[in-house]
Amino acid sequence: MVIEVVRIGQRIVRDDRVTTHVALVSRAFGAEKIFMTEVNPEIKGTLEKINKTWGGNFMVEFIDKWKSIIKKKKEENFRIVHLSMYGESINDVQEKLRGEENLLIVVGAEKVPREIYDLADYNVGVGSQPHSEISALAILLDRIQKGKQFEKVFPDAKRKIIPTKTGKNVQVKETRD
Ligand code: SAM
C-alpha cells in the first residue's frame with residue numbers, strides 16, 4: 001500500500017512546529033510523501049536532514065492548490081481519506097481502509113473548506129472530540145498498518161537505533177561527508 005499525506009492551510013508561522021510534526025509522523029509511521037500548502041520552506045530542509053541521518057527517502061512537496069493534488073491523486077487511483085472529528089468513526093472504517101491500494105490522507109489546520117468533505121472517499125473521525133492533526137494522523141496510520149510500519153527499514157541511515165531495555169544503543173555508520 002502507498003500512503004501519502006496532504007496538509008492544508010496552515011496558520012502562517014504559528015503552525016510551523018505542528019506542520020513539522022505532521023511531516024515527522026508521516027515519515028516515521030510509514031507514509032512516503034507529504035504535500036503542503038502555505039508553509040515555511042525550512043520544513044523541507046528539516047526533513048531532508050532527518051532523512052540523511054535516519055535514512056529513507058521521505059519526500060516533501062510544496063503545492064499551491066490543495067484541490068489540484070486531490071484531483072490528480074484521484075486520477076492515479078488513490079482513495080482520499082479526510083481526517084475530521086465529524087467523520088465516520090475510525091473503528092467502523094479501519095477494516096475497509098486496510099483493503100485499499102493507495103491512500104492520500106488529508107489533514108487540516110484551521111477550519112477546512114466544506115468541499116473537502118465531498119471530494120473525500122472517506123471522512124474519518126478519530127473520536128468525535130476536537131484534538132490534533134498530529135494525534136489523528138498517528139492513530140490512523142497505526143490502525144491502517146497495525147503496527148507493521150515500525151518494522152519498515154529506512155535505507156542508507158547514518159544512525160540506527162538498536163532497541164534496548166536500558167540506555168541507548170545507536171549504530172553509527174561512518175561516511176566521508
Ligand atoms: N475546527 C476545525 C475544523 O472544523 O476543521 C478543526 C481544526 S483541528 C485543530 C486541525 C485538524 O486536526 C483537522 O482539520 C483534522 O484533520 C484533525 N483533527 C482534529 N481532531 C480530530 C478528530 N477527532 N478526528 C480526526 N481528525 C481530527
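Two strands are said to pair if DSSP finds at least two bridges between them. Strands and helices are themselves DSSP runs, numbered from the N terminus: a helix is a run of H or I with at least four residues, and a strand is a run of E with at least two. With those terms in place, consider strand 1 (residues 2-7) and strand 2 (residues 33-36), which run parallel and are joined by 4 bridges. Within this pair, Val5 stands opposite Ile34 of strand 2.

Before going further, I should state what we are looking at. This is a predicted model, in which local features need pLDDT of at least 70 and side-chain atom pairs count only at pLDDT 80 or more, while totals for chains, interfaces and linings use all residues. Residues are numbered from 1 along each chain as its sequence is written, and side-chain values use heavy atoms, with hydrogens and water left out.

Let us turn to the whole sheet. In general, strands of a sheet pair through backbone hydrogen bonds, either parallel or antiparallel. Here, 6 strands form an open sheet with parallel pairing, in the order 3-2-1-5-4-6. Why do strand 3 and strand 6 each have one side without a neighbour in the sheet? Strand 3 (59-62) and strand 6 (122-125) stand at the edges and have a single partner strand each, so one side of each is left free of a neighbour there. On average, neighbouring strands of this sheet are turned by 30 degrees against each other, direction ignored. For such angles, axes are lines fitted to C-alpha atoms, for helices over the stretch in contact, and angles run from 0 to 180 degrees between N-to-C directions.

The partner of strand 6 is strand 4 (residues 79-89); these two run parallel and are joined by 5 bridges. Val81 stands opposite Tyr122 of strand 6. As a rule, side chains in a regular strand alternate between the two faces of the sheet. In strand 6, Tyr122 and Val124 point one way, Asn123 and Gly125 point the other way, and all are buried. Buried means under 20% relative accessible area, exposed means over 50%, and partly exposed lies in between (1.4 Å probe, protein chains only).

Asn102 is found in strand 5. Asn102 counts as buried because its relative accessibility is 16%. Leaving out residues up to four places away in sequence, Asn102 touches Val2, Glu76, Asn77, Phe78 and Arg79, where contact means heavy atoms within 4.5 Å.

Next, the helices. Helix 1 packs on the sheet and touches strand 1, strand 2 and strand 5 (102-107), its direction making about 155 degrees with that of strand 2. Helix 1 (residues 16-28) also packs against helix 2 (residues 42-54), at an angle of about 35 degrees and with the axes 10 Å apart. Among the residues that meet there are Ala23 and Leu24 in helix 1 and Ile43 and Ile50 in helix 2.

I come now to the interior. In soluble globular proteins, nonpolar side chains tend to be buried together. A nonpolar core is a set of buried Ala, Val, Leu, Ile, Met, Phe, Trp, Tyr and Cys residues joined through side-chain atoms within 4.5 Å. Which residues have the most contacts inside the largest core? They are Leu83, Ile105, Val124, Leu137 and Leu140, in a core of 31 residues. Helix 6 (residues 133-145) supplies the largest share of this core, 6 residues. Apart from neighbours within four places in sequence, Leu140 is in contact with Val81, Leu83, Ile90, Leu97, Ile105 and Val124. A second, separate core has 15 residues, including Val6, Ile8, Trp66 and Val106.

Finally, the loop between helix 6 and strand 7 (159-161), where Lys146 has its place. Is Lys146 buried or exposed? Lys146 counts as exposed, because its relative accessibility is 60%. Although Lys146 is not a glycine, its phi is positive, about 50 degrees. Asp156 is found in this loop too, and its phi is near 60 degrees, a positive value in a residue other than glycine. Asp156 is exposed, with a relative accessible area of 66%. Phe154, also found in the loop between helix 6 and strand 7, is partly exposed, with a relative accessible area of 22%. Not counting residues up to four places away in sequence, Phe154 touches Arg27, Ala28, Trp54, Gly55 and Gly56.
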